[in-house]
Amino acid sequence: MGRKKGLPINGWLILDKPLEMSSTQALSKARYILNARKAGHAGTLDPAATGVLPLAFGEATKTVSYFQAATKTYRFTARWGAATNTDDAEGEFIQTSDSRPSEEQVQEAARTLTGEISQVPPQYSAIKVKGERAYALARKGEDVKLSARKVFVLDLRLLSHTGEESEFECHCSKGTYIRSLARDMGESMGCFGHVTALRRTAVGQFTENDAFSLDELEKIVQSAPTENVLLPVEAPLDDIPALYITDNEASRLKNGQSVVLFSKDGQRRMNDAGLDPKSANDTVLARTYKKPIALVDIKGVEMKPVRVLNV
């Protein structure tokens with residue numbers, strides 16, 4: 001059997017993805033810089049977008065699915081007067097208008113797209129249609145029909161308006177397409193619109209202030225330990241209750257065995273974690289005072305390991 005390539009690095013890196021690079025390319029570059037054995041990313045960014053791209057290394061990849069539902073924040077610019085086939089500046093004009101909206105019209109259009117909305121994704125998107133990516137079909141000249149989906153826009157705020165362009169900040173749920181927001185605002189105002197600049201400034205609790213560029217990453221790892229750029233494996237799990245366990249309980253979970261917290265001490269620890277021993281039914285991070293041990297499903301006073309974290 002061949003030796004596994006790379007180092008067993010564990011933790012999260014918040015990358016500031018550069019322009020004109022896919023999320024997969026950015027992940028590969030960061031993985032190469034860190035010489036990491038295993039990696040994945042949470043939340044894809046288009047090549048034409050920049051900003052926060054959380055990267056999971058090693059055991060942190062086991063926590064990605066628990067982070068997928070995190071809300072996201074974007075800053076973007078919409079240009080009015082033209083619609084494109086990609087809903088951004090990368091595409092070809094398909095409709096144009098001499099009309100330009102007032103600031104009041106833009107604010108009203110943004111208001112109508114706040115809350116739970118039904119949104120049709122761009123045809124140039126990574127959504128699969130009969131086993132193929134929508135953008136691949138669109139590039140072949142096929143007329144891609146995508147179904148509307150429910151998304152939630154917590155806030156869509158106008159930052160500035162010049163007539164030709166408007167800049168916004170958007171805080172939204174997973175699955176929300178910013179390009180679709182610009183397109184739909186333009187259509188509602190009768191002037192058409194598309195995105196010309198897009199930056200993701202936050203994913204969950206991770207913000208652009210936590211992020212490293214690829215150039216910064218390369219310079220840091222040349223002169224300092226890799227740990228200087230990594231956040232802990234459990235970093236994105238703030239919304240999941242943390243239940244402190246004993247070393248003996250940790251050993252059982254690591255061996256794939258269930259743990260029952262019948263004792264008064266066990267039930268006290270459950271109460272400290274905000275869990276009701278009589279009716280608990282939740283996903284919990286089981287940890288000792290030194291490190292995380294496993295993500296577990298807990299029902300009543302019994303917990304079963306779902307993802308053991310070997311850190």
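Q: Which residue takes a positive phi in the hairpin of β10 and β11?
A: In this predicted model, local features need pLDDT of at least 70, side-chain atom pairs count only at pLDDT 80 or more, and totals for chains, interfaces and linings use all residues. Residues are numbered from 1 along each chain as its sequence is written, and side-chain values use heavy atoms, with hydrogens and water left out. The hairpin has three residues between its strands (strands being DSSP runs of E, at least two residues, numbered from the N terminus), and the residue with a positive phi near 105° is G163.

Q: Which residue is the bridge partner of S160 in β11?
A: Strands β10 (residues 149-161) and β11 pair in the antiparallel sense over seven bridges, where pairing requires that DSSP finds at least two bridges between the strands. Within β11, the partner of S160 is E167.

Q: Which residue of β11 does Y74 stand opposite?
A: Strand β4 (residues 72-80) also pairs with β11 in the antiparallel sense, over eight bridges. Opposite Y74 stands C170.

Q: Which side chains of β11 point to the buried face?
A: Side chains alternate along β11 (residues 165-172), and E165, E167, E169 and H171 point to the face that is not buried. Buried means under 20% relative accessible area with a 1.4 Å probe, protein chains only, so C172, at 1%, counts as buried. The buried face carries S166, F168, C170 and C172.

Q: How many disulfides are counted?
A: A disulfide is a pair of cysteine sulfur atoms within 2.5 Å, and by this rule the count is zero. For C172, the nearest cysteine sulfur is that of C170, 4.0 Å away, whereas for C191 the nearest, also that of C170, is 18 Å away. The number of disulfides is therefore zero.

How values were computed:
Buried means under 20% relative accessible area, exposed over 50%, partly exposed in between (1.4 Å probe, protein chains only). Helices (H or I, at least four residues) and strands (E, at least two) are DSSP runs, numbered from the N terminus.
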